[in-house]
Amino acid sequence: MRKNFGAKPYTYPQPVFIIATYGEDGTPDAMNAAWGGISEANEISMCISAGHKTTKNILARKAFTVSMADAAHVVECDYVGVASGNDVPDKLAKAGFHTTKSEFVDAPLIDELAMAVECRLISYDPESCRLVGEIVNVSVDESVLTSDGKVDVAKLAPIVFDPVNSAYHKLGEKVGNAFQDGLKLK
């Protein structure tokens, strides 16, 4: 038997994105966002409200980075979500994060988070809160790569958001092979 929950934003997994920007004075800022994902081959979309300092920074600078939150930095990644850049102008420093300017967009990369998508703003709709960015580069720290240069998800240890229980979970074990296992049923 199923239990009905009504219209809720309950999907699994929900990636934990850390969106980083520069403020008008050049101070790095970041926020935690879970409602987002790939929407085209070179496009990422997410829902962030207009009141966030990060949103204002993106609209001003037309650029942002999206880092994958990881198990090693759960506390820091949660902090940038619970502290507002409108109230805490140096929240990245308070989280213990350090940044490096992206080579591709006018936004910071968070040094401690091993994988980031570097984006230029395509559009933002304040009514729906939908932000769309063009992916211009993906940068990955070599410490989380396999010997053949691919991302090792176990080393990256990305976390996902559990919206039902307000929890973070580390991505689990491999259970299959995409675009292969289903061929057995053809």
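## Surface and overall build

The accessible surface of the protein chain adds up to about 10,900 Å², and carbon and sulfur atoms own 54% of that. Keep in mind that this is a predicted model. Of the 186 residues in the protein chain, 38% are buried.

As for overall dimensions, the C-alpha atoms fit in a box of roughly 55 × 45 × 30 Å along the principal axes. The radius of gyration is 17 Å, which agrees with the value near 16 Å that a compact globule of 186 residues would have.

## Fold elements and contacts

Going by secondary structure, the protein chain has four helices and 12 strands. Now for how the contacts are spread along the sequence. Take the contacts between residues at least 6 apart: 56% of them join residues at least 24 apart.

## Thr55, a buried spot in helix α1

Helix α1 covers residues 53-61, and Thr55 sits in it. With a relative accessibility of just 1%, Thr55 counts as buried, since the cut-off for that label is under 20%.

Who does Thr55 touch? Setting aside neighbours within four places in sequence, Thr55 is in contact with Ile48, Ser49, Ala50 and Tyr124.

## Salt bridges around Asp106

Side chains of opposite charge can pair when their charged atoms come close. In this model, the count comes to three salt bridges.

Arg61, also a helix α1 residue, pairs with Asp106, with 3.1 Å between the closest N and O atoms. Asp106 lies in the loop between β7 (99-101) and β8 (108-110) while Arg61 lies in helix α1, so this salt bridge ties together parts that are 45 residues apart in sequence. Both ends are partly exposed: Arg61 has a relative accessible area of 25%, and Asp106 comes in at 27% relative accessibility.

Asp106 has another partner in Lys101, and their side chains meet at 3.6 Å, N to O. Lys101 is partly exposed too, with a relative accessible area of 47%.

## A strand-to-strand pair

Arg120 and Glu134 form a salt bridge as well, with their closest N and O atoms 3.5 Å apart. This pair links distant parts of the chain: Arg120 is in strand β9 (residues 115-125) and Glu134 in strand β10 (residues 130-140), 14 residues apart. Glu134 is partly exposed, its relative accessible area being 26%, and Arg120 is partly exposed at 39%.

How do salt bridges with shared partners group the residues? Arg61, Lys101 and Asp106 end up joined into one network.

## Aromatic pairs

There are two aromatic pairs in the structure. In one of them, the ring centres of Phe5 and Tyr10 are 5.8 Å apart and the planes meet at 70°, so the pair counts as edge-to-face; that label needs planes over 60 degrees apart. Phe5 is partly exposed with a relative accessible area of 44%, and Tyr10 is partly exposed with 31%.

Phe161 and Tyr168 also pair up, with ring centres 6.3 Å apart and planes at 55°, so this pair is tilted. Tyr168 is partly exposed, with a relative accessible area of 27%.

How values were computed. Residues numbered from 1 in each chain as written. Predicted model: local features only at pLDDT ≥ 70, side-chain atom pairs only at ≥ 80, totals over all residues. Heavy atoms only, no water. Phe/Tyr/Trp six-rings, centres within 6.5 Å; stacked < 30°, edge-to-face > 60°. Buried < 20%, exposed > 50% of the residue type's maximum accessible area, 1.4 Å probe, protein only. Helix = DSSP H or I, 4+ residues; strand = E, 2+ residues; numbered from the N terminus. Contact = heavy atoms within 4.5 Å. Salt bridge = Lys/Arg side-chain N within 4 Å of Asp/Glu carboxyl O. Rg over C-alpha atoms; globule rule 2.2 N^0.38 Å. Areas by Shrake-Rupley, 256 points an atom, 1.4 Å probe, with all protein chains shown as cover.
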